[in-house]
Amino acid sequence: MDRYGPTVLRLMVGLVFVAHGAQHLFGVWGGPGLAATAASFDSIGLSPGFPLAVAVGAAEFGGGLLLMAGALTPYVAVALTIVMLGAMWKVHLANGFFI
């Protein structure tokens, strides 16, 4: 199992980011979609909301796919870390882990 552990972890974390990005970009699985994500960003002071929503959704969706493929992993990890630090700072710090 030691040989496959990092691969399984990379696939599962990548899948979570793909799903979360798809919710933001496409509104699948009960997600808000791009317009609602942009409006949400504007409401919490992240302006301009639409370009940031596209960037965050693309980082999550595309970054998750790249992470699953094992491609550009250091760069993807930095991008996803920045996105998640922003989410922690603007949303989860005030509302807790589960919203």
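# A walk through the helices

P48 sits in the loop that joins α2 to α3. The peptide bond leading into P48 from S47 is cis, and its omega is near -5°. This is a predicted model. With that in mind, start at this loop and work outwards.

Just past the loop comes α3, which spans residues 49-69. Is the helix as long as its residue count says it should be? Its 21 residues, at 1.5 Å a residue, should span 30 Å, and the end C-alpha atoms lie 29 Å apart, so the two agree. Which residues of α3 are buried? They are G49, A53, V56, G57, A59, E60, G63, G64 and L67. Their cover includes α1, α2 and α4. After α3 comes G70, with a positive phi near 75°.

Some of these buried residues belong to a core. The largest nonpolar core has 6 residues: A38, F41, A53, V56, A59 and V83. Both α2 and α3 give two or more residues to this core. The largest share comes from α3, with 3 residues. Look at F41, one of the core members. What does F41 touch, beyond residues up to four places away in sequence? It touches L46, G49, L52, A53 and V56. Of these contacts, A53 and V56 are themselves named in the core.

Now turn to T37, in helix α2. Is T37 buried or exposed? Its relative accessible area is 3%, under the 20% cut-off, so T37 is buried. Leaving out residues up to four places away in sequence, T37 touches H24, P32 and A53. A53 therefore turns up again: it is a contact of T37, a contact of F41, and a buried residue of α3.Next comes α1. L25 lies in this helix. Beyond residues up to four places away in sequence, L25 touches G33, L34, A53, V54, G57, A58 and F61. In the sequence, L25 and A55 are 30 residues apart, while their C-alpha atoms are separated by 9.7 Å. G5 also lies in α1. Is G5 buried or partly exposed? Its relative accessible area is 27%, so G5 counts as partly exposed. The C-alpha atoms of G5 and F61 are separated by 23 Å, with their positions 56 residues apart along the chain.

F61 itself is found in α3. Its relative accessibility is 25%, so F61 is partly exposed. Which residues does F61 contact, leaving aside neighbours within four places in sequence? They are F17, V18, G21, A22, L25 and F26. The contact with L25 is also listed from the other side, among the contacts of L25. V8 is 53 residues away from F61 along the chain, and the two C-alpha atoms are 18 Å apart.

Two other loops each hold a residue with an unusual sign for its backbone angle. W29 lies in the loop between α1 and α2. Its phi is positive, near 50°, though W29 is not a glycine. W29 has a relative accessible area of 65%, so it is exposed. L72 is found in the loop between α3 and α4. Its phi is near 55°, again a positive value in a residue other than glycine. At 52% relative accessibility, L72 is also exposed.

Finally, look for open space. Rolling a probe the size of a water molecule over the atoms shows where empty space is left. What is the volume of the largest pocket? It is about 750 Å³. Its lining has 28 residues, and H20, H24, E60, A87 and V91 lie nearest the centre. Four helices give two or more residues to this lining: α1 (5-26), α2 (33-43), α3 (49-69) and α4 (73-95). Which helix gives the largest share? It is α4, with 10 residues. By type, the lining divides into 18 nonpolar, 8 polar and 2 charged residues.

Two of the residues nearest the pocket centre, H24 and E60, have come up before. H24 is a contact of T37. E60 is one of the buried residues of α3.

Methods. Residues are numbered from 1 along each chain as its sequence is written. This is a predicted model: local features need pLDDT of at least 70, side-chain atom pairs count only at pLDDT 80 or more; totals for chains, interfaces and linings use all residues. Side-chain values use heavy atoms; hydrogens and water are left out. On a 1 Å grid over the protein atoms alone, a cavity is a set of points where a 1.4 Å probe fits but cannot get out, and a pocket is an open set with protein on both sides within 12 Å along at least five of seven lines; lining residues have an atom within 4 Å of a point. Grid points are joined across faces, edges and corners, and a volume is the space filled by probe spheres set on the points. Ala, Val, Leu, Ile, Met, Phe, Trp, Tyr, Cys and Pro count as nonpolar, Asp, Glu, Lys and Arg as charged, and the others, Gly among them, as polar. A nonpolar core is a set of buried Ala, Val, Leu, Ile, Met, Phe, Trp, Tyr and Cys residues joined through side-chain atoms within 4.5 Å. Buried means under 20% relative accessible area, exposed over 50%, partly exposed in between (1.4 Å probe, protein chains only). Contact means heavy atoms within 4.5 Å. The expected span of a helix is 1.5 Å times one less than its number of residues.
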